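Let's take a walk through this complex together. Have the 3D view open and turn it as you read.

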Amino acid sequence: MQEATFLILTALADGSQHGYGIITEVKQISDGRVRLRAGTLYTALDRLRADGLVTVDREEIVDNRLRRYYRLTPAGAALLAAEAARMQANAHAAMARLNPLGAVT
Amino acid sequence: MSNSADLERGYRRVLACYPRAFRQENEDEILGVLMDTAEEGQRRVGLAEAAALIRGALRMRLRPGPGRPPRTVSAAVRLMCIGAAVELAALATLVATMGSLKAAVLARDPAQWHTALLMLTAKEVFAPIGIALWLWLAWANGRGHDWARLIFTWFFGLFTVSLLIALAQHAAVYAPADLAALTALWLVALASVVLIFSKASRPYYRQEPGERMRAAG
């Protein structure tokens, strides 16, 4: 899974968000490191929706513009959980090998 | 007010790269996000935003239709995009170094000046066509058109012959970098041919388009 996809799913993990909300959440989650562009976000969302991992929660009109809120589907949440567990296991293995005695953390 | 109108018009122009169906459903919303992320008083389309939009549009257009292609076909499509990128890089290098290239030819081999100039110009003219060809065939192969792999193979044959001719003409002596780029491209093309004709790819190309739609359900 690409990092952008992982961060988008993470941004939606605790509730629905609209496009701009996802961008700000991703920035916050990544400590300002990942600045998601609209082009990247909507290409990813299109794919995630087609794969049934994300769905439209509701639509609003704000300032004459359509605003869609997206949320994770159960399949999306399961995939994110699996991916996070895999990354955690990898990170754990890396740390364990770097500090075999567990002296430094 | 006119600043944001200019900006919006600029973004609309970039968004025109996207497939129509996608635009109808999402253009308004994406524009909203683009305007929300714009700087105060920004009038011109941001370079990074435009690049991300164009990358997204390309990805969406090259994305295979309904019915996932096998790994071999996706890998071939990716390789063809790499081919286009290599060709673009080669063209950019050529354009950037045109002046020094001409000077080098003039200094070393004035008798060959006209031939060299003709060849360099031909490369500049044909490279964009080559890039378009790579992308078009990547798109068509991703959709599993059987003719696409035949056309790709035909161009691969043509490419092989021209590479052999270049080798026979001692191109290695005159333009080692150019030859290296050509060889890299040739290897990319060879790998693509192997992939699209592999056993795993065959059923995907043999399917009728209607069948593929039904399979995707």
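**Starting from the core**

The largest nonpolar core has 32 residues, and the ones with the most contacts inside it are A:Ile8, A:Leu12, A:Val26, A:Ala38, A:Leu41, A:Leu45 and A:Val54. Which elements give two or more residues to this core? From chain A they are α1 (3-11), α2 (19-29), α3 (38-50), β3 and α4 (74-98), and from chain B they are α1 (2-15), α2 and α3. The largest share, 6 residues, comes from α3(A). To get a feel for this place, click on A:Leu41. Leaving aside its neighbours within four places in sequence, A:Leu41 is in contact with A:Ile8, A:Gly19, A:Ile22, A:Ile23 and A:Leu36. There is also a second, separate core of 19 residues, and B:Met80, B:Leu182, B:Val188 and B:Tyr205 are among them. As a general point, nonpolar side chains in soluble globular proteins tend to be buried together.

Before going further, keep in mind that this is a predicted model. The predictor gives the complex an ipTM of 0.85 and a pTM of 0.63.

Now for chain A as a whole. Its secondary structure comes to 4 helices and 3 strands, and along the sequence they follow the pattern α-β-α-α-β-β-α. Chain A has 105 residues, of which 30% count as buried. If you look at its contacts with a separation of 6 or more, 41% are between residues 24 or more positions apart.

The strands of chain A are worth a closer look. They make an open sheet of 3 strands in the order β1-β3-β2, with antiparallel pairing. β1 (17-18) and β2 (54-62) of chain A stand at the edges with a single partner strand each, so one side of each has no neighbour in the sheet. In general, the strands of a sheet pair through backbone hydrogen bonds, either parallel or antiparallel. Here, β2(A) runs antiparallel to β3 (residues 65-72) of chain A, and the two pair over 8 bridges. You can pick out some of the partners by eye: A:Thr55 stands opposite A:Arg71 in β3(A), while A:Glu59 has A:Arg68 as its bridge partner. β2(A) and β3(A) form a hairpin with 2 residues between them. One residue in that turn, A:Asp63, has a positive phi of about 50°.

Next, move over to chain B, where the picture is helices and no strands: there are 11 helices and 0 strands. Of the 217 residues in chain B, 21% are buried. Among the contacts of chain B with a separation of 6 or more, residues 24 or more positions apart account for 78%.

A good helix to follow is α4 (residues 71-96) of chain B, where B:Leu94 is found. At 1.5 Å a residue, the 26 residues of α4(B) should span 38 Å, and its end C-alpha atoms are 37 Å apart, which agrees. Several residues of α4(B) are buried, including B:Val73, B:Ala76, B:Met80, B:Gly83 and B:Glu87. What covers the buried residues of this helix? The cover includes α3, α6 (113-142), α9 (176-196) and α10 (202-206) of chain B.

Is B:Leu94 itself buried or partly exposed? B:Leu94 counts as partly exposed, because it has 17 C-beta neighbours inside 10 Å and a buried residue needs 20 or more. Not counting residues up to four places away in sequence, B:Leu94 touches B:Lys123 and B:Glu124. B:Leu94 and B:Lys123 are 29 residues apart in sequence, with 8.6 Å between their C-alpha atoms.

So where do the chains meet? In this complex, 18 residues of chain B are in contact with 14 residues of chain A. On the chain B side, α2 (20-37) and α3 (47-62) each supply at least two residues. The largest share of that side, 10 residues, comes from α2(B). Sorted by class, the side of chain B that touches chain A has 8 nonpolar, 4 polar and 6 charged residues.

Finally, a word on confidence. Chain B has a mean pLDDT of 84, with 90% of its residues at 70 or more. Among the elements of chain B, α2(B) has the highest mean pLDDT (91), whereas helix α11 (residues 209-216) has the lowest (51). Where pLDDT is low, the predicted coordinates should not be read in detail.

Key:
Residues numbered from 1 in each chain as written. Chains lettered and ligands numbered in written order. Predicted model: local features only at pLDDT ≥ 70, side-chain atom pairs only at ≥ 80, totals over all residues. Pairing = 2+ DSSP bridges. Contact = placed C-beta atoms within 7 Å. Nonpolar A, V, L, I, M, F, W, Y, C, P; charged D, E, K, R; others polar. Buried ≥ 20, exposed ≤ 12 C-beta atoms within 10 Å, placed from the backbone. Expected span 1.5 Å × (residues − 1). pLDDT = per-residue confidence, 0-100. Core = buried A, V, L, I, M, F, W, Y, C linked by C-beta atoms within 7 Å.
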